[in-house]
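Colleague: Please show me the model, and then I will ask about its elements, its surface and its charged pairs.

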Amino acid sequence: MAGGLGRAVLTALSAAAGVGAGYVTNVLTDAWSWTWGVALAVTSVVLIGSQVWLSLNQAPGGVVAAGRGAVAAGKDVDGDVEVDVGGFGHQAPSPPSEAGVVAAGDGAVAAGRDVRGKLRLRVRRR
């Protein structure tokens, strides 16, 4: 599942599994049986698995490239990045406080996860 819709569906599934686990626990404590025990195990695995996936695939708070020639990626950078910036130096704007991945400054590069390509940066001041 990718994107916002996939996350929304998985979040709904997680909530439903939580409700189901609560119901099954209630029934199981009133009259124990193997069937209800297995049902509790299944709902617990679905609940825990969906929460782990959502946590590991959490989107960053925001992606900000603040500066001339700055490059920012929310997750991975798979290709080569070449930045050539010249001119008079200036103050890069301050990124918002909720930003998760920030490339602040001229020629800055930031990635939320991995950079697998080559980085070629050239920043010239006059």
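The questions and answers below go through the chain by topic.

Colleague: Before the details, what kind of model is this, and which pLDDT do local features need?

Modeller: This is a predicted model; side-chain atom pairs count only at pLDDT 80 or more, totals for chains, interfaces and linings use all residues, and local features need pLDDT of at least 70. Residues are numbered from 1 along each chain as its sequence is written, and side-chain values use heavy atoms, with hydrogens and water left out. The pLDDT asked for is at least 70.

Colleague: In what order do the elements of the chain run from the N terminus?

Modeller: Elements here are DSSP runs numbered from the N terminus, helices being H or I with at least four residues and strands E with at least two. The chain has two helices and six strands. From the N terminus on, the order is α-α-β-β-β-β-β-β.

Colleague: What percentage of the residues count as buried?

Modeller: Buried means under 20% relative accessible area, exposed over 50%, and partly exposed in between, with a 1.4 Å probe and protein chains only. The chain has 126 residues, and the part that counts as buried is 24%.

Colleague: How far apart are the end C-alpha atoms of helix H2?

Modeller: The expected span of a helix is 1.5 Å times one less than its number of residues. Helix H2 covers residues 34-56, and its 23 residues should therefore span 33 Å. The model agrees, with end C-alpha atoms at a separation of 33 Å.

Colleague: Which residues of H2 are buried, and with which side chain does that of Ser-50 make a polar contact?

Modeller: The buried residues of H2 are Thr-43, Ser-50 and Leu-54. Thr-43 has a relative accessibility of 17%, and Ser-50 has 4%. A polar contact is a pair of N or O atoms within 3.5 Å; within protein, one must be able to donate a hydrogen and the other to accept it, and residues adjacent in sequence count only if both atoms are side-chain atoms. For the side chain of Ser-50, the contact is at 3.2 Å, and the partner is the side chain of Ser-14.

Colleague: Which backbone oxygen lies 3.0 Å from a polar atom of the Thr-43 side chain?

Modeller: Thr-43 is placed in helix H2. The backbone oxygen at 3.0 Å from a polar atom of its side chain is that of Leu-40.

Colleague: Which element gives the most to the nonpolar patch on the surface?

Modeller: Patches are made of residues with over 30% relative accessible area and no salt bridge; like charges are joined within 9 Å, and nonpolar side chains (Val, Leu, Ile, Met, Phe, Trp, Tyr) within 5 Å. Leu-13, Val-38, Val-42 and Val-46 form the patch, with about 310 Å² of accessible area together, by the Shrake-Rupley method with a 1.4 Å probe, where for residues only the protein chains shown count as cover. Leu-13, in helix H1 (residues 3-30), is partly exposed at 43%, and Val-38 is partly exposed at 49%. The element that gives the most, with three residues, is H2.

Colleague: Which residue in S4 stands opposite Ala-65?

Modeller: Two strands pair if DSSP finds at least two bridges between them. Four bridges join strand S1 (residues 63-66) to strand S4 (residues 101-104), and the two run parallel. In S1, Val-64 and Ala-66 make up the covered face, while Val-63 and Ala-65 make up the uncovered one. Opposite Ala-65 in S4 stands Ala-103.

Colleague: How many salt bridges does the structure hold, and which residues are linked in a network?

Modeller: A salt bridge is a side-chain nitrogen of Lys or Arg within 4 Å of a carboxyl oxygen of Asp or Glu, and the structure holds three. Arg-120 forms one with Asp-80, the closest N and O atoms being 3.6 Å apart, and one with Glu-82 at 3.8 Å, N to O. Glu-82 lies in strand S3 and Arg-120 in strand S6, 38 residues apart. The network links Asp-80, Glu-82 and Arg-120.

Colleague: Which residue forms a salt bridge with Arg-116?

Modeller: The closest N and O atoms of this pair are 2.5 Å apart. Arg-116 is in the loop between strand S5 (109-111) and strand S6 (119-125), and its partner is in the loop between strand S2 (71-73) and strand S3 (81-87). Both residues are exposed, and the partner is Asp-78.
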